[in-house]
Amino acid sequence: MTDVAAAPETKATEAPNPSAIPADELARLTDDIVAALKTVYDPEIPVDIYELGLVYKVDIDDERNVAIEMTLTAPGCPVAGDMPGWVENAVSVVPGVKSARATIVFDPPWDHSRMSDEARVALNMW
């Protein structure tokens with residue numbers, strides 16, 4: 001399984017590709033998955049879930065199944081039951097993705113420090 005760091009401030013390492021997926025295809029898949037994640041918004045916040053830092057981990061296995069670990073801005077978020085489906089739907093239509101599964105986790109808890117600079121600008125949180 002290839003672990004793709006999902007935090008906006010995280011850069012891919014230059015380590016050898018342990019995946020059966022060719023490196024150039026894995027890079028394209030990763031970029032396309034991130035783009036798909038950026039189409040999903042928390043309806044109460046005008047920033048996508050990726051830039052908000054709600055996506056903690058994206059794993060792509062050798063069969064191109066994608067597992068996403070994500071969180072919510074608050075445990076009582078009213079879209080907690082819907083958000084994983086939105087994420088799965090967005091990622092599952094990426095060309096080359098066989099399936100997508102999103103799991104909500106609350107450890108570590110989300111806080112404002114996880115937001116990208118882009119999200120901070122959009123929310124005027126400087």
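Okay, let me start with a question: is Arg64 buried, exposed or partly exposed? Arg64 is partly exposed, because its relative accessible area is 22%. For those words, buried means under 20% relative accessible area, exposed means over 50%, and partly exposed is in between, with a 1.4 Å probe and protein chains only.

Before going on, a bit of housekeeping. This is a predicted model, where local features need pLDDT of at least 70 and side-chain atom pairs count only at pLDDT 80 or more, while totals for chains, interfaces and linings use all residues. Residues are numbered from 1 along each chain as its sequence is written, and side-chain values use heavy atoms, with hydrogens and water left out.

So, the overview. The protein chain has four helices and four strands. Starting at the N terminus, the order is β-α-α-β-β-α-β-α. Helices here are DSSP runs of H or I with at least four residues, strands are runs of E with at least two, and both are numbered from the N terminus. Of the chain's 126 residues, 43% count as buried. The chain exposes about 6,900 Å², and carbon and sulfur atoms supply 53% of that; the areas come from the Shrake-Rupley method with a 1.4 Å probe, and for residues only the protein chains shown count as cover.

What about contacts along the chain? A contact means heavy atoms within 4.5 Å. Take the contacts between residues at least 6 apart in sequence: 64% of them join residues at least 24 apart.

Next, the inside. The largest nonpolar core has 36 residues, and those with the most contacts inside it are Ile33, Leu37, Ile49, Ile68, Val87 and Val91. By nonpolar core I mean a set of buried Ala, Val, Leu, Ile, Met, Phe, Trp, Tyr and Cys residues joined through side-chain atoms within 4.5 Å. The elements giving two or more residues to this core are helix H1 (23-37), helix H2 (49-52), strand S2 (55-60), strand S3 (65-70), helix H3 (83-92) and strand S4 (99-104). H1 gives the largest share, six residues.

Pick out Ile68 on your screen. Leaving aside residues up to four places away in sequence, Ile68 touches Val55, Lys57, Val58, Val87, Val91, Arg101, Ala102 and Thr103.

Now turn to H3. Which of its residues are buried? They are Met83, Pro84, Val87, Ala90 and Val91. Looking down the axis of H3, those buried residues fall within an arc of 130 degrees, so they line one face of the helix. That arc is taken from the directions from the helix axis to the C-beta atoms. There's a handy rule behind this: an α-helix has 3.6 residues a turn, so residues three or four places apart point the same way. The cover over the buried residues of H3 includes H1, H2, S3 and S4.

Glu88 is in H3 too, and Glu88 is partly exposed, with a relative accessible area of 24%. Not counting residues up to four places away in sequence, Glu88 touches Ala100, Arg101 and Ala102. The C-alpha atoms of Glu88 and Ala36 are separated by 9.7 Å, with their positions 52 residues apart along the chain counted as how far apart they are.

Compare that with Glu51, which sits in helix H2. Glu51 counts as buried, at 5% relative accessibility. A polar contact of 2.8 Å joins the side chains of Glu51 and Lys38. A polar contact is a pair of N or O atoms within 3.5 Å; within protein, one must be able to donate a hydrogen and the other to accept it, and residues adjacent in sequence count only if both atoms are side-chain atoms.

On to the strands. S2 and S3 run antiparallel, joined by five bridges; two strands pair if DSSP finds at least two bridges between them. Lys57 has Glu69 in S3 as its bridge partner. S2 is mostly covered, with five of its six residues buried.

And that brings back Arg64, in the loop between S2 and S3. The hairpin has four residues between the strands, and Arg64 there takes a positive phi near 75 degrees, although Arg64 is not a glycine.

One last spot: a cis peptide bond joins Asp107 and Pro108, with omega about 5 degrees. Pro108 is in the loop between S4 and helix H4 (117-122).
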